[in-house]
Amino acid sequence: MKRMLVGCLAAALLFSSGWATAEAKGKQQSKPKWADKNKDGIPDDWELKYKLGLGKNVANQDKDRDGLTNRVEYNLRLNPTKTDTDKDKILDGDEDTDRDGLTNSAEVALGTKPEDADSDNDRVKDGAEKKGKTKLTNVIQKLELQIKTAANQTIKVDYHWSERHSHLHMKDQTGEVTTNDVQSLINDLQASPSLSNDEVIAKIQTLFSLDTPFRLELEWKYGSGRARKLSVKQDEDKGENAGQPGDDQDDDDQGHDQDGHDQNHDQDDDDYDGGNVGGDDGNSSE
């Protein structure tokens with residue numbers, strides 16, 4: 001009897017040991033086939049191939065400064081050291097890889113996935129989603145405005161989307177322009193992307209209470225990648241302007257610093273709710 005008990009116990013121990021070994025092997029086989037020492041979801045081989053290093057923040061860096069992080073470039077199978085991977089004279093950030101109507105950089109800014117045409121799986125392409133009353137393709141991704149007034153005072157507006165929030169920085173020497181005036185202009189440009197140059201100038205002149213003569217430089221870019229630019233010197237008797245409605249222009253990411261004793265109005269995403277870009281409380285697709 002004792003021999004039987006001892007035999008059964010030994011057999012149980014051997015069985016449990018074998019099961020544990022098999023389970024351990026199974027766990028090892030379930031691990032990723034590629035090494036990821038910094039645990040950022042990007043293979044070390046890919047990071048080393050492009051000489052990005054293996055630091056903790058590599059995934060969130062943008063080595064080529066094209067508006068796309070290394071993680072995004074990996075997901076899109078792009079070269080993180082080249083601004084134009086396929087050499088088609090379109091920057092990687094301005095490409096629409098998933099063909100949803102939004103550029104890659106716009107998707108990053110708005111919080112959708114540039115590698116997935118339907119980020120929230122609701123059977124509506126990201127470009128057709130709405131933020132408030134505005135389709136994401138018509139959301140203004142970037143706007144730069146500079147005005148020299150009749151009194152030789154400067155008004156400068158820098159507005160852009162980044163990390164799912166809108167950011168507004170305004171310098172106004174006149175002390176007359178408010179963030180609501182800027183928001184009204186943005187809403188109008190989003191609601192009617194095909195406004196003529198004259199209509200855009202008239203809206204700015206009315207909203208900002210501009211007397212002639214004045215000079216105006218305006219560039220803006222939509223989520224679809226469509227960009228417009230106009231330059232105006234408005235005289236007292238007649239106006240002259242350059243640029244045609246809907247002209248596609250290369251986007252200029254360089255800002256211009258304004259020296260002097262300006263009255264500054266700085267507003268960022270904590271205070272400025274870019275979710276109301278369409279004039280309504282809307283939610284972005286995520």
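**Figure 1. The whole chain, with six helices and nine strands.** Helices here are DSSP runs of H or I with at least four residues, strands are E runs of at least two, and both are numbered from the N terminus. This is a predicted model, in which local features need pLDDT of at least 70, side-chain atom pairs count only at pLDDT 80 or more, and totals for chains, interfaces and linings use all residues. Residues are numbered from 1 along each chain as its sequence is written, and side-chain values use heavy atoms, with hydrogens and water left out. Of the 286 residues in the chain, 37% are buried; for the labels in these legends, buried is under 20% relative accessible area, exposed is over 50%, and partly exposed sits in between (1.4 Å probe, protein chains only). The accessible surface of the chain adds up to about 17,100 Å², with 46% of that belonging to carbon and sulfur atoms. Those areas come from the Shrake-Rupley method with a 1.4 Å probe, and for residues only the protein chains shown count as cover. As for contacts (heavy atoms within 4.5 Å), take those between residues at least 6 apart in sequence: 49% of them join residues at least 24 apart.

**Figure 2. The K221–D94 salt bridge.** The structure has four salt bridges, each defined as a side-chain nitrogen of Lys or Arg within 4 Å of a carboxyl oxygen of Asp or Glu. In this one, the closest N and O atoms of K221 and D94 are 2.5 Å apart. K221 belongs to strand 6 (residues 214–222) and D94 to the loop between helix 3 (70–75) and helix 4 (104–110), so the pair ties together parts that are 127 residues apart in sequence. K221 counts as buried at 5% relative accessibility, while D94 is partly exposed at 28%.

**Figure 3. Two more salt bridges, E144 with K142 and K229 with E219.** For E144 and K142, the N to O distance is 3.5 Å. What is the relative accessibility of E144? E144 comes out at 15%, which counts as buried, and K142 is also listed at 15% and buried. In the other pair, K229 and E219 have their closest N and O atoms 4.0 Å apart. That pair links distant parts of the chain, with K229 in strand 7 (residues 227–234) and E219 in strand 6, ten residues apart. K229 is partly exposed, its relative accessible area being 37%.

**Figure 4. K63 and its surroundings in the loop between helix 2 (44–49) and helix 3.** With a relative accessible area of 46%, K63 is partly exposed. Setting aside neighbours within four places in sequence, K63 is in contact with Y50, K51, L52, N70, P80 and T81. A polar atom of the K63 side chain lies 3.2 Å from the backbone oxygen of K51. Zoom out a bit to find T83, which is 20 residues from K63 in sequence and 9.4 Å from K63 in space, C-alpha to C-alpha.

**Figure 5. The largest pocket, holding about 960 Å³ of space.** Rolling a probe the size of a water molecule over the atoms shows where empty space is left. On a 1 Å grid over the protein atoms alone, with a 1.4 Å probe, a pocket is an open set of points with protein on both sides within 12 Å along at least five of seven lines, and lining residues have an atom within 4 Å of a point. Points are joined across faces, edges and corners, and the volume is the space filled by probe spheres set on them. The lining has 32 residues, and G67, S105, V108, A109 and S162 lie nearest the centre. Helix 3, helix 4, strand 3 (140–148) and strand 4 (154–162) each supply at least two lining residues. Which element gives the largest share of the lining? That's helix 4, with four residues.

**Figure 6. Backbone oddities at P213, K87 and S209.** Most residues other than glycine have a negative phi, and most peptide bonds are trans. The T212 to P213 peptide bond is cis, with omega near 0°, and P213 sits in the loop between helix 6 (197–207) and strand 6. S209 lies in that loop, between helix 6 and strand 6, and has a positive phi near 50° though it is a residue other than glycine. S209 is exposed, with a relative accessible area of 58%. K87, not a glycine either, has a positive phi of about 55°. K87 is found in the loop between helix 3 and helix 4 and counts as exposed at 75% relative accessibility.

Key. A polar contact is a pair of N or O atoms within 3.5 Å; within protein, one must be able to donate a hydrogen and the other to accept it, and residues adjacent in sequence count only if both atoms are side-chain atoms.
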